[in-house]
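Below are some notes on side-chain contacts and backbone angles, set out as numbered points. Please read them beside the coordinates.

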Amino acid sequence: LFWEMGTGKTKLIIDTAWHLYEKGEITALVVFAPNGVHRNWITDEVPAHGWSDDWDGLYWVSVAAKTKKAEEERTRVLDHDGLIIVTVNYDAARTDLADKFVNTILREREVMLVLDESARIKNPSAQRTKKVMKYGEKVKYKRILTGTPVSNGPFDVFSQMNFLDPMIWAKIGCRAFGSFKRYFGVFQRQHMSGRQFDQLVDYRNLDKMKA
């Protein structure tokens with residue numbers, strides 16, 4: 001959903017999750033979002049837009065994750081018979097405890113995995129991007145949400161679309177990020193201080209990227 005802010009991306013995802021839950025397609029919604037935004041899903045958005053009270057959930061709090069209370073909350077959510085909704089901030093994806101909890105949900109439940117402000121995974125070499133990509137391989141449904149899929153340049157879309165479909169760029173021969181950049185970018189060889197490097201000077205084939 002490449003919709004602008006305030007146009008209802010969160011509500012549509014909550015509606016979709018409940019629809020899929022009532023059809024028996026999923027039993028969990030897991031959302032990755034920027035810190036603070038992930039809390040609003042649980043405290044504000046789901047209570048406002050959820051279809052019933054038959055759900056349980058939590059938002060990840062890294063500073064309290066090792067406490068006994070947090071452990072009890074995670075156990076309670078995992079044991080819930082209905083729909084569970086768990087939201088995690090992107091930075092927490094790099095921690096062992098959050099990784100273990102998310103993987104437990106993916107192993108025990110049918111999951112829809114959502115990336116809110118999905119441009120946060122625009123760097124394919126970042127650890128959080130690699131973690132989220134692995135989660136995406138294990139789920140039944142995936143969504144990305146952002147009003148700004150391109151913030152720094154067209155290369156930002158590589159990982160976001162790869163998350164949804166790992167073969168999407170392979171269809172044009174660009175499965176690796178390097179080949180993707182060469183297909184959509186124009187580079188010139190530069191020499192500086194005794195070393196050589198390729199500098200991006202322009203973009204190309206953007207009509208194909210947009211399509």
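With which residue does Lys-11 form a salt bridge?

1. The partner is Asp-15, and the closest N and O atoms of this salt bridge are 2.9 Å apart. The model is a predicted one, so the distances in this note are computed from predicted coordinates. Both Lys-11 and Asp-15 belong to helix H1, which covers residues 9-22. Their spacing is 4 residues, about one turn of the helix.

2. The ends of this pair fall into separate accessibility classes. Lys-11 is partly exposed, with a relative accessibility of 38%. Asp-15 has a relative accessible area of 18%, and it counts as buried because the cut-off for that class is under 20%.

3. A salt bridge also joins the side chains of Asp-56 and Arg-76, at 2.7 Å from N to O. This pair links distant parts of the chain, with the two positions 20 residues apart in numbering. Asp-56 sits in strand S2 (residues 55-59), while Arg-76 sits in helix H3 (residues 68-79). The acid, Asp-56, is buried at 16% relative accessibility, whereas Arg-76 is partly exposed at 40%.

4. Arg-189 and Asp-198 form another salt bridge, with 3.1 Å between the closest N and O atoms. Here Asp-198 is partly exposed, with a relative accessible area of 46%. Arg-189 is partly exposed as well, at 48%. Elsewhere, Asp-91, Arg-94 and Arg-128 are joined into one network by salt bridges that share partners. The model has 7 salt bridges by the distance rule used here.

5. Two backbone angles deserve a comment. Most residues other than glycine have a negative phi. Ser-193 is not a glycine, yet its phi is positive, at about 55°. Ser-193 is placed in the loop that runs between strand S6 (185-192) and strand S7 (195-203). With a relative accessibility of 76%, Ser-193 is exposed.

6. Which residue has a positive phi of about 60° although it is not a glycine? That residue is Asn-205. Asn-205 lies in the loop between S7 and helix H8 (206-210). Its relative accessible area is 25%, and Asn-205 is therefore partly exposed. The class follows because partly exposed covers the range between the buried limit of 20% and the exposed limit of 50%.

Methods: Residues numbered from 1 in each chain as written. Predicted model: local features only at pLDDT ≥ 70, side-chain atom pairs only at ≥ 80, totals over all residues. Heavy atoms only, no water. Salt bridge = Lys/Arg side-chain N within 4 Å of Asp/Glu carboxyl O. Buried < 20%, exposed > 50% of the residue type's maximum accessible area, 1.4 Å probe, protein only.
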